[in-house]
Amino acid sequence: MRHTTLAWLLVFFLALTGCRKTISSQPEATSYPGDNYPDIFQSFWNGMNTNYVFWGIDTTNWDNMYKVYKPLFDNLTIFDSPHEALAEQYFSQMTQGLIDSHYTLDFELTGNAFQPSTYRRLQQDPNYFTDSAFPAAVLDSLIPHKYIDPSSLVMGTDTVDLEGSNVPFTAVTGTIQGNILYLYFSNFALSQAGSNTGPVFNYFFNTLHSNYANLKGIVIDLRGNGGGEIEDLDYLVGQMVTSEYTFGYTRYKNGVNRLDYTPWAPAVVKPWVGGSVNVKAPIVVLADHLSVSMSEITTMAIKTLPNGKFIGTRTWGANGPLTSSVYFDGGQFTIGGAAFGSAGYMFVYTSSSMFKYLNGDIYEGVGVPPDIYARETNAAYLSGDDLVLDAAIKYINP
Amino acid sequence: MRLLTFGCIATLAFLLSSLQSRGQFFLGVEGGPNMNYLTTSNASEPFTNYDGMRGWNIAIPVGYRFFDWLAVETAPTYIQKNFDIVRTGFFTGVYQKNYNTYVQLPIDLKFSFGGKALRGFLDLGGYGAYWAAGRIKGTEANILNEVDTAYENVNPTSILGENYAYSYNQKYVFNSTRDNRMEFGLIGGAGISYELFHIYTFYLEGRYYRAMTDQQKHYEINQAPRYNDNYGLTLGCTVYVKKLFSTLFKKAHS
């Protein structure tokens, strides 16, 4: 009897051990096989499911996107131009509500692109990109000629490489009213400063180091700044402080499911290794609705300082630092690499980490709010005034 | 208080009834080390391994021996089911050790065989467990605490040469959307026991706890499930209550 009982129990036990859910092996999105729309959809949906870092706070119902769009992609049976247009439309509709304001879909076969944050802003305000005279007009004709002390003006433009693209890099510095040190630059690529912009930064940092005790204030103008290299955070802000401080936190994905995250790691500014000074005077950062990414990170780093102040308008809202997805098991990825070559069918540009400001607020998708609101207008520009810089000067020299 | 009183009376009644019956009620203590593995899919995470981690468990086995070859047993257990997420290659140094504590209640049938004193046995059964607490300890590369590679002459050979490490050791915060704190599974074990004075039984057992439920709630389509697989080595001792009491009574009266 005992042997029979034991035998039956063993059979029953072994049968039960197989009752787990199937653990399917999802490859990286880039390596996902298939050259047809249903496979590309599956690859994209899985890639987003795994790599998108904002699922913890994003209200987009990604499961619902699967249910709605899978049948639509299943209907795209032919790979031709009309179907490609439909596919791009579907991908855009799926992602238009995502809060990641770096997020961009690059359709490699057609050269088209879709950026949800741009789409949403234009839906809310068709003049979002045209109703400010900054940076081009204000920078070209107003600041250098009206505000900067003529004898101190240094400005120049170089070409730099940002994420594989050559972009113009403009920088302006000088003093205002003799005791306010001003710096503008169009991107965070200070380490690439060439023969034209190098003197701008040399002047700014030399003046900072040699004359910081006599300065009434410093203005860092990041309006219209498109962001760039993280190394510049310590290089710029770290030269104005002599001790390390925390201004926020970042976290990454650490698993393949949507809510798998690392703990929050402190985002810090360290005194620059090449030397720094302890600036006591007000440091004002100017930023606006076109200040993106590293310019927003820098804005938050400055506004955290006891002598820091952010003047301007709410920023773009792309705060999550980003790099290659292999670094932090999340972020940007390519779809269809196996079938379409290294460029793939589609490149998904998205953050590698989520940023939280020191006060616990996450400004992704909504932008960093200013301490003092000021906005340049076309009317003010035509009458020769930069209302934002005026507000900064008034704050420093009341 | 009423519940405690009722529990004590019930336990006493059970003990007394065991004294009168043919079977033998036993209880004891056991414990030992274990090795836990998290079985999941992470093929989409390059240079990332989920490794097993050691833990330990302690329990109070309580059982009833119907025949010399068959007993039923349960054992309120404190058990750790730990695992390690480790990055490799250029990312070596980045890891997260996950220490998870479960309160577990198994119930199993124990089939024994062999001689009078030295016997072998097999355990088969199931368990329910509650994920009571967790702790995470690890190191990650801090994206907003960079090593200055742009302005300094450095040649990083790992991610921690590009970004300073952030090390943490903190309580695991449960997420009610993600974490499934109830776990059910199967038990299989085999061991040897030695009976001393017909009262005490010492045993050494290898035991496998196979979770049949996901460590996560089902909160997304195509979710990669996670299962604990726990392999333990347990050293324990039980006493037959009836025989122990009889011996004590005899000593008291002699």
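Here is a short chat about a sheet and two helices in chain A of a predicted model.

Student: In what order do the four strands of the open sheet come?

Tutor: The pairing in this sheet is antiparallel. Strands E2 (113-114) and E11 (333-335) of chain A stand at the edges, each with a single partner strand, so one side of each has no neighbour in the sheet. Reading across, the order is E2-E1-E12-E11.

Student: Which residue in E2(A) is the bridge partner of A:Leu105?

Tutor: Start with strand E1 (residues 104-107) of chain A, which is joined to E2(A) by two bridges. These two strands run antiparallel. In E2(A), the partner of A:Leu105 is A:Phe114.

Student: Which strands does helix H2 of chain A touch?

Tutor: H2 covers residues 37-51 and packs on the sheet. Its direction makes about 165 degrees with that of E11(A). The strands touched are E1, E11 and E12 (346-349) of chain A.

Student: And how are H2(A) and H4(A) oriented to each other, parallel or antiparallel?

Tutor: H4 (residues 81-95) of chain A lies across E1, E2 and E12 of chain A. The axes of H2(A) and H4(A) come within 12 Å and cross at roughly 20 degrees. Angles under 35 degrees count as roughly parallel. Therefore H2(A) and H4(A) are roughly parallel.

Student: What classes of residue make the contact of H2(A) with H4(A)?

Tutor: H2(A) brings residues including A:Phe41 and A:Trp45, while H4(A) brings A:Glu84 and A:Phe91, among others. By class, the contact has eight nonpolar, two polar and one charged residues.

Note on methods
Residues numbered from 1 in each chain as written. Chains lettered and ligands numbered in written order. Predicted model: local features only at pLDDT ≥ 70, side-chain atom pairs only at ≥ 80, totals over all residues. Heavy atoms only, no water. Pairing = 2+ DSSP bridges. Contact = heavy atoms within 4.5 Å. Axes fitted to C-alpha atoms, helices over the stretch in contact; angles between N-to-C directions. Parallel < 35°, antiparallel > 145°, perpendicular 65-115°, else oblique. Nonpolar A, V, L, I, M, F, W, Y, C, P; charged D, E, K, R; others polar.
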